[in-house]
Amino acid sequence: MKALICIGHVPDTTSKIKFTDNDTKFDTADIKYIIGPYEELALTRLLDLRDAGTDMHITTVTVGTQETEPTIRKALAMGADDAVRVNAEASDNLFIAKQIAEVFKNGDYDIIITGKESIDYNGGQLEGMIAEFLNLPSVSGASKFDIEGDKILLEQEIEGGTLKLEASFPFVVSAGKGFCPEPEPRIPNMRGIMTARKKPLQVVEPVDQDAVTEIIKYHLPEPKPACKMIDPDNVEELVRLLHEEAKVI
Amino acid sequence: MAILIYTQNYDGKFKKSVFELVTYGAAVAKELGTEVTAVTTGKLDTETLKELGKYGAEKIITITNEELNDFSAQAYAYAIEQVAKKINADLIIFGNNPYGRAIAPRLSVKLNAGLAAGVTALPSSVSPFTVKKRVFSGKAFADVVIKSETKIITLNQNSYKVEENPVDISTEEFTAEIPEGAYAVKPIETVKSSGKMSVTDAEILVSGGRGLKGPENWGMIEEMAEILGAGTSCSRPVSDLDWRPHEEHVGQTGKVVAPNLYIAIGISGAIQHLAGVNGSKVMVVINTDPEAPFFEAADYGIIGDAFEVVPKLNEAFKKFKAEN
């Protein structure tokens, strides 16, 4: 089986977010980049399935400039076989989805896996868009993922319960929490890092797709007034404040 | 300009989150001088449909195809596309929930429509169409311009106040043409959760962390939730340790919530946890550690031992509820 997994290059979850150019650009100074947490979860799951005996070739795909290559190399060091980078600035989701759909068409892949959402622009739209470009079935935010022969067994959290699903290849899925049941972080060892340097990383140019959205300005949340501290021996005061001041009870 | 709102029903009933979407859509319609059409699926009785009119939906289209009884994002996208074209919708609104997140991106491709996901407020401008959305896990917001002719947004739950705005409704049934291949994902079964309030629906959440030391100590958390009519949630370590079910985990990798009141007990407030709850209107933190980062994000704090503070607080809440 050939899997195509989308690897996002996103700011570390603990990053302090700042903007420049009159709040129109994300300030990348001092930012450490990581593989998107959901994508790392998905990659870990694929590697676990492969270790458990599923025959699988894992290709990563990233839409981004050359700056994203250290993140791609990390995915290769974790155990992916090869990588494709679409040489373009990742901005509009429809544009990104179109590029990934194109990479899928140009290879003989059986499945595309994305993360449930990117933690930077929090789109959560890619898997549906890619699937629609390719006219393939999809499931978003799968909380369980298994492969049994030519069947894919999935679970999805829906409002009020869990839905168990079955699908077949070719297929598109985005990984949510639970996708990898016991995620052991795969920290690349020296050998992994060395081999990753030699694994193929193909760079392709983007295909045309108009960007239909544009971020024109960023805002940081309004600073919160300082936390009001309440004496633990006077909890009635908290109840009063929640009722009279905050008006939430 | 015409506005189409996807109003999901659960076994023939609408939830408050749908009324929020309709209220929001009606407010945008007023700005644009147009009307609101709601679209739903299945067979609903007129009384239920009238509820949508109470919040400002003038026209309600029900897609009657029985195939839609099972959810398939592909099939739903076909059906809603046909309705959108029929009414010449320029703006299509979904809730930012599992269904909206599955259907909206597909519709975006079908209609070459720009999609802004996770919108938190009314458009700041209708021309160019500009909306505010959460980015960087709530650490910032962005103004997004949608440049395409047709526009799609998904609205974050609890970001707009539900208000009645009664109008007369007209209803219409619609049969969509859905190609066979649109059901390639087969549902096997649905496992219903405990029947408790889901964390994303709750207006008040009482949340416990590792500071509670073990699952046997959740009685006082559940008691508080019961007194306040709240839901219960938990931090990631608690769900990883299986002290509480995974569906209660809120945070960056769990569910993202935005209740009116979030009470965090024994949760230190790691940045990943805050990313899932920082949309809450009011946050209360009870923690023994005065250095816990949660105090910086909270509105009200008590430094103290949960095992002493929570029972006292429960008594105070009970007394308050009895009097109000």
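**Entry 1: a cut-off, then A:D21**

I take buried to mean under 20% relative accessible area and exposed to mean over 50%, with partly exposed in between. I keep in mind throughout that I am working on a predicted model. With that cut-off I looked up A:D21, whose relative accessible area of 47% falls between the two limits, so I enter this residue as partly exposed. I found A:D21 in the loop between β3 (19-20) and β4 (25-26) of chain A, and I noted that its phi is positive, about 50 degrees, although the residue is not a glycine.

**Entry 2: chain A as a whole**

I then stepped back to chain A, for which I recorded 6 helices and 15 strands. Its C-alpha trace spans about 65 × 45 × 40 Å along the principal axes. Of the 249 residues in chain A, 52% are buried. I also looked at how contacts are spread along the sequence: among those in chain A with a separation of 6 or more, 68% are between residues 24 or more positions apart.

**Entry 3: helix α1 of chain A**

I checked the length of α1 (residues 37-51) of chain A against the rise of 1.5 Å a residue: its 15 residues should span 21 Å, and I found the end C-alpha atoms 21 Å apart, which agrees. I listed the buried residues of α1(A) as A:Y38, A:E39, A:L41, A:A42, A:L43, A:T44, A:R45, A:L46, A:L47 and A:L49. After the helix comes A:G53, for which I noted a positive phi near 115 degrees.

**Entry 4: cis peptide bonds**

I looked up two cis peptide bonds, beginning in chain A, where the bond from A:F169 to A:P170 is cis with omega near -10 degrees. A:P170 sits in the loop between β11 and β12 (171-175) of chain A. In chain B, I found B:S127 and B:P128 joined by a cis peptide bond with omega about 0 degrees, and I placed B:P128 in the loop between β6 (125-126) and β7 (129-135) of that chain.

**Entry 5: the loop between β9 and β10 of chain B**

I went next to B:N156, which is found in the loop between β9 (151-155) and β10 (170-174) of chain B. Is B:N156 buried or exposed? I have its relative accessible area as 15%, and I therefore enter B:N156 as buried. Leaving aside residues up to four places away in sequence, I found that B:N156 touches B:E20, B:N96, B:G118, B:V119, B:T120 and B:R134. B:N158 lies in the loop between β9 and β10 of chain B as well, and I noted for B:N158 a positive phi of about 60 degrees, although this residue is not a glycine.

**Entry 6: helix α9 of chain B**

I repeated the length check on α9 (residues 306-323) of chain B: at 1.5 Å a residue its 18 residues should span 26 Å, and with the end C-alpha atoms 25 Å apart I count this as agreement. At the start of α9(B), I found a side-chain oxygen of B:D305 within 3.0 Å of the backbone nitrogen of B:F307. The buried residues of α9(B) are B:A306, B:V309, B:V310, B:L313, B:N314, B:A316, B:F317 and B:F320. What covers these residues? I found that the cover includes α6 (235-245) of chain A, together with α5 (219-228), β14 (261-265), β15 (282-287) and β16 (300-303) of chain B.

**Entry 7: the interface of chain A and chain B**

I turned last to the interface, where 73 residues of chain A are in contact with 82 residues of chain B. The area buried between the two chains is about 6800 Å², and I noted that carbon and sulfur atoms give 59% of it. A:E132, A:E159 and A:K177 supply 11% of the area that chain A buries against chain B, more than any other three residues.

For polar pairing, I recorded 6 salt bridges across the interface, and I looked closely at one of them, between A:E132 and B:K110, whose closest N and O atoms are 2.9 Å apart. I have the count of residue pairs in polar contact between chain A and chain B as 26. On the side of chain A that touches chain B, I found the largest share, 8 residues, coming from α6(A). By class, I entered that side as 40 nonpolar, 18 polar and 15 charged residues.

Methods. Residues are numbered from 1 along each chain as its sequence is written. Chains are lettered from A and ligands numbered from 1 in the order in which they are written. This is a predicted model: local features need pLDDT of at least 70, side-chain atom pairs count only at pLDDT 80 or more; totals for chains, interfaces and linings use all residues. Side-chain values use heavy atoms; hydrogens and water are left out. Helices (H or I, at least four residues) and strands (E, at least two) are DSSP runs, numbered from the N terminus. The expected span of a helix is 1.5 Å times one less than its number of residues. Buried means under 20% relative accessible area, exposed over 50%, partly exposed in between (1.4 Å probe, protein chains only). Contact means heavy atoms within 4.5 Å. A polar contact is a pair of N or O atoms within 3.5 Å; within protein, one must be able to donate a hydrogen and the other to accept it, and residues adjacent in sequence count only if both atoms are side-chain atoms. Buried area is the accessible area (1.4 Å probe) that two parts lose on being put together, summed over both. A salt bridge is a side-chain nitrogen of Lys or Arg within 4 Å of a carboxyl oxygen of Asp or Glu. Ala, Val, Leu, Ile, Met, Phe, Trp, Tyr, Cys and Pro count as nonpolar, Asp, Glu, Lys and Arg as charged, and the others, Gly among them, as polar.
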